[in-house]
Amino acid sequence: MKGPAARAALRRSFDFGNRELTKWFPGHMAKGLKKMQASLKNVDCIIEVHDARIPLSGRNPVFEEALGVRPHLLVLNKLDLADLTNKQRVLSQLEQQGIQNVLFTDCLRERDVHVKKIVPAVTELIQKSDRFHRAENLEYCLMVIGVPNVGKSSLINAMRRMYLMKGKASRVGGEPGVTRAVLTKIQVCERPLIYLLDTPGVFSPRIGSLDVGMKLALCGTILDHLVGEEVIADYLLFTLNKQQKFDYVERYQLGEPCDDLPTVLKKIAIKLGKTQKVKAITGVGNVNILMPNYSAAAYDFIRTFRKGELGKIMLD
């Protein structure tokens with residue numbers, strides 16, 4: 001099948017099988033949340049960092065319930081990976097949820113112009129709010145929150161580079177769960193004097209659906225092995241086809257869009273040289289055959305997507 005016929009045959013829905021969300025999410029993040037709540041009396045503004053590819057999915061509603069007593073700025077990070085063709089639609093939907101202060105950033109980009117907007121934005125929010133017992137305190141203290149692996153530490157490091165000309169204060173990793181210490185205080189600006197409290201990622205105890213869970217997994221906020229790399233790779237293939245993002249076809253020399261994961265992974269494995277010789281017993285004796293390493297291919301497929309090499313995407 002070639003061209004339009006092949007595209008017409010692509011899946012229109014994803015089969016989640018009998019998967020259970022409860023197995024994907026750590027059940028005990030309440031301790032970190034309690035420490036964050038206890039520190040609120042020393043905080044002037046909350047910066048919530050989330051992935052720009054899933055601006056409406058997976059944000060922790062517990063943050064709003066527990067931390068909603070302070071001014072709030074939503075920073076949608078990883079701007080370089082997100083397809084913002086319908087940016088206005090996203091902002092309108094966020095506004096309907098009561099979120100009016102939104103900035104998009106690319107914190108890994110050297111001196112990102114969007115990061116420069118954060119200090120003026122939070123300064124204005126703080127000056128408009130009642131600081132209560134902190135009114136006479138000349139320094140501002142911000143708390144950085146968010147689900148795992150959305151770029152909280154990258155944001156802190158980007159602000160330090162921007163305003164203090166200093167390097168890393170927070171460890172950055174491509175896997176969720178790198179920031180483990182709760183509430184590390186870090187200076188990010190001299191004028192005005194601003195400190196940030198870095199916090200570990202905290203998931204919502206209630207994820208709305210398997211679809212939302214898979215979006216979070218695809219963006220790397222859940223450890224891959226908890227969901228399964230081949231499951232994530234299959235959801236990625238389904239999503240790329242559904243949105244007609246066919247960069248993968250050329251990259252992996254598939255010839256046309258394909259909806260069969262084993263076929264795609266086999267092609268990737270061969271292209272990467274991720275194959276192994278296996279002895280097969282046949283009627284004419286032992287034969288060496290080349291077997292693709294499907295796990296290595298799935299790993300590469302997912303990471304290629306996460307680096308933005310399969311095109312920009314919007315999952316919401």
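**View 1. Helix H7 and its buried residues.** In this predicted model, Leu-210, Val-212, Gly-213, Met-214, Lys-215, Leu-216, Ala-217 and Leu-218 of helix H7 are buried. That makes 8 of the 9 residues in H7 (residues 210-218), so the helix is largely enclosed by the rest of the structure. If you look for what covers these buried residues, you will find helix H8 (224-227), H9 and helix H12 (294-306) among the neighbours. Just after H7 comes Gly-220, whose phi is positive, at about 85 degrees.

**View 2. Strand E4, covered along its length.** Here we turn to strand E4 (residues 140-145), where 6 of its 6 residues are buried. In a regular strand, side chains alternate between the two faces of the sheet. Which residues of E4 point one way, and which the other? Tyr-140, Leu-142 and Val-144 point one way, while Cys-141, Met-143 and Ile-145 point the other way, and all of them are buried.

**View 3. The strand partners of E4.** Strand E1 (residues 45-51) pairs with E4 in the parallel sense, over 4 bridges. E4 and E6 also run parallel, joined by 5 bridges. Leu-142 is a handy residue to centre on here: Leu-142 in E4 is the bridge partner of Cys-45, and Leu-196 in E6 is the bridge partner of Leu-142.

**View 4. Asp-44, a buried residue ahead of E1.** Asp-44 sits in the loop between helix H2 (30-38) and E1. Is Asp-44 buried or exposed? Its relative accessibility is 3%, below the 20% cut-off, so Asp-44 counts as buried. Leaving aside residues up to four places away in sequence, Asp-44 touches Arg-70, Pro-71, Ile-126, Arg-131, Arg-134, Glu-139, Tyr-140 and Cys-141. Two residues in that list, Tyr-140 and Cys-141, will be familiar from strand E4, where they point opposite ways.

**View 5. The crossing of helices H5 and H6.** The axes of helix H5 (residues 118-128) and helix H6 (residues 152-164) come within 11 Å and cross at roughly 100 degrees. H5 is therefore roughly perpendicular to H6. Which residues meet at this crossing? From H5 there are Ile-118, Val-119 and Pro-120, and from H6 there are Leu-155, Met-159 and Tyr-163. The residues of this contact divide into 6 nonpolar, no polar and no charged.

**View 6. Two loop residues with positive phi.** Lys-78 and Gln-244 make a friendly pair to view side by side. Lys-78 lies in the loop between strand E2 (72-77) and helix H4 (87-96), and its phi is near 65 degrees, a positive value in a residue other than glycine. Gln-244 has its place in the loop between helix H9 (229-242) and helix H10 (247-251), with a positive phi near 55 degrees, again in a residue other than glycine. How do they sit relative to the surface: buried or exposed? Lys-78 is buried, with a relative accessible area of 18%, whereas Gln-244 is exposed, at 57%.

**View 7. A cis peptide bond ahead of Pro-192.** Arg-191 and Pro-192 are joined by a cis peptide bond, with omega about -5 degrees. Where should you look for Pro-192? Pro-192 is in the loop between strand E5 (184-189) and strand E6 (194-198). E6 is also the strand that runs parallel to E4 in View 3.

Methods:
Residues are numbered from 1 along each chain as its sequence is written. This is a predicted model: local features need pLDDT of at least 70, side-chain atom pairs count only at pLDDT 80 or more; totals for chains, interfaces and linings use all residues. Side-chain values use heavy atoms; hydrogens and water are left out. Buried means under 20% relative accessible area, exposed over 50%, partly exposed in between (1.4 Å probe, protein chains only). Two strands pair if DSSP finds at least two bridges between them. Contact means heavy atoms within 4.5 Å. Axes are lines fitted to C-alpha atoms, for helices over the stretch in contact, and angles run from 0 to 180 degrees between N-to-C directions. Angles under 35 degrees count as roughly parallel, over 145 as roughly antiparallel, 65 to 115 as roughly perpendicular and the rest as oblique. Ala, Val, Leu, Ile, Met, Phe, Trp, Tyr, Cys and Pro count as nonpolar, Asp, Glu, Lys and Arg as charged, and the others, Gly among them, as polar.
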